[in-house]
Amino acid sequence: MTDEHDKLLPIANVGRIMKQILPPHAKISKEAKERMQECASEFISFITSEASDRCHKENRKTLNGDDICWALCSVGLDNYSEAMLRYLQKLREYERQRANQSNQVSTGEDKDETSTTNWATFDFGILDRRGSTSSGKPS
Amino acid sequence: MRQPGAYSKLVSGGKSGPHSLPLARIKKIMKNSSDEVKMISGEAPIVFSKACELFIEELTKRAWIMTLQAKRRTMQKEDVASAVIDTDIFDFLVNLVSHDSANTVRESDQPQES
């Protein structure tokens, strides 16, 4: 049974991201948040399709972070692509360090944590959201 | 046992609370996008989580410009639609929002009866 909401990011999360980028007095209608949810899903789908095409052409089965960065660039979202490449580098470096730490402690218990660790909160300090991704800053 | 502290700065992100997007949901959306998508590496949804955040932020900022131009303080879905249409790199969203902009009726377009 497929829930329609499975195709969208949660409205609470989307709304929070929207609210945090706007001035404190700004209000956002529920419909605007719903529209943003749909746009975000379309963004994921669109980029994933491009990335998947590339994988397919290169006879690879697993879609990885590099494919996403390439797809972002191929559709003209260069700023996103560059920012995500930097993010990916830091992410992989962090994973390597964790793997080394786990090896030193010589336990396997951390192996599955990648899937449950809340990676998305990691900022790595490499994303400058004050203008680096928009071609035109709002006045 | 894991030692806290070494990577705590990375974990907290230094922002006002985490604004992460659920990775499992992102993965579902990715799988739904195309029949060709079979296997997805662990890092891919993580990259998308950040990319989506940037995307939502950018589209929100641009939509807010539309809200201000209309002299309102509440963002409406038409503002999101206008921002999409106004931004070349968001062309892939035009079909998705086109019914919103089509429904937007400006008062100045209404014929005035004397």
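**Entry 1: B:Val80**

I started with B:Val80, which is buried at a relative accessible area of 0%. The model I am reading is a predicted one. I looked up where the residue sits and found B:Val80 in helix 4 (residues 77–86) of chain B.

Which residues does B:Val80 touch, leaving out those up to four places away in sequence? From chain A I noted A:Ala32, A:Arg35, A:Met36 and A:Cys39. From chain B I noted B:Leu59, B:Ala63 and B:Met75. I then checked one of these contacts by backbone position: the C-alpha atoms of B:Val80 and B:Ala63 are separated by 4.8 Å, with their positions 17 residues apart along the chain.

**Entry 2: A:Arg35**

A:Arg35 was on the contact list of B:Val80, and I followed it into chain A. A:Arg35 forms a salt bridge with A:Glu38, with 2.4 Å between the closest N and O atoms. Both residues belong to helix 2 (residues 30–57) of chain A, where they are three residues apart, about one turn of the helix.

Is A:Arg35 buried or exposed? A:Arg35 has 7% relative accessibility and therefore counts as buried, the cut-off being under 20%. A:Glu38 has 26% relative accessibility, so I logged A:Glu38 as partly exposed.

**Entry 3: other salt bridges**

I counted 14 salt bridges over all chains. I looked up two more pairs.

In chain B, the side chains of B:Arg72 and B:Asp79 meet at 2.9 Å, N to O, in a salt bridge. B:Asp79 is buried, with a relative accessible area of 3%, whereas B:Arg72 is partly exposed at 28%.

Which residues are joined into one network by salt bridges that share partners? I found A:Arg54, A:Glu58, A:Arg60 and A:Asp67. Within that network I checked the salt bridge between the side chains of A:Arg60 and A:Glu58, which is 2.9 Å from N to O. A:Arg60 is partly exposed, with a relative accessible area of 28%. A:Glu58 also counts as partly exposed, at 41% relative accessibility.

**Entry 4: chain B as a whole**

I went back to chain B for its layout. Chain B has five helices and two strands, in the order α-α-β-α-β-α-α along the sequence. Chain B has 114 residues, and 45% of them count as buried. I recorded an accessible surface of about 6,500 Å² for chain B, with 50% of it belonging to carbon and sulfur atoms. For contacts in chain B between residues at least 6 apart in sequence, the share joining residues at least 24 apart is 28%.

**Entry 5: chain A, annotation and confidence**

The UniProt record, an unreviewed entry, places "domain: Transcription factor CBF/NF-Y/archaeal histone" at residues 9–72 of chain A. Over residues 9–72 of chain A I read 73% helix and 6% strand, and the end C-alpha atoms are 19 Å apart.

Chain A averages a pLDDT of 82, and 73% of the residues score at least 70. Which element of chain A has the lowest mean pLDDT, and which the highest? Helix 5 (residues 113–116) of chain A has the lowest, 46, and strand 1 (residues 27–28) of chain A has the highest, 98.

I marked two stretches of chain A where pLDDT stays under 50. Residues 110–116 of chain A are one of them, and the model has eight contacts for that stretch beyond four places in sequence. Residues 127–139 of chain A also stay under 50, and there the model has 30 contacts beyond four places in sequence.

Key
Residues are numbered from 1 along each chain as its sequence is written. Chains are lettered from A and ligands numbered from 1 in the order in which they are written. This is a predicted model: local features need pLDDT of at least 70, side-chain atom pairs count only at pLDDT 80 or more; totals for chains, interfaces and linings use all residues. Side-chain values use heavy atoms; hydrogens and water are left out. Helices (H or I, at least four residues) and strands (E, at least two) are DSSP runs, numbered from the N terminus. Buried means under 20% relative accessible area, exposed over 50%, partly exposed in between (1.4 Å probe, protein chains only). Contact means heavy atoms within 4.5 Å. Accessible areas come from the Shrake-Rupley method with a 1.4 Å probe; for residues, only the protein chains shown count as cover. pLDDT is the predictor's confidence in each residue, from 0 to 100. UniProt positions are given in the numbering used here, feature names are shortened, and annotations may be inferred rather than shown by experiment. A salt bridge is a side-chain nitrogen of Lys or Arg within 4 Å of a carboxyl oxygen of Asp or Glu.
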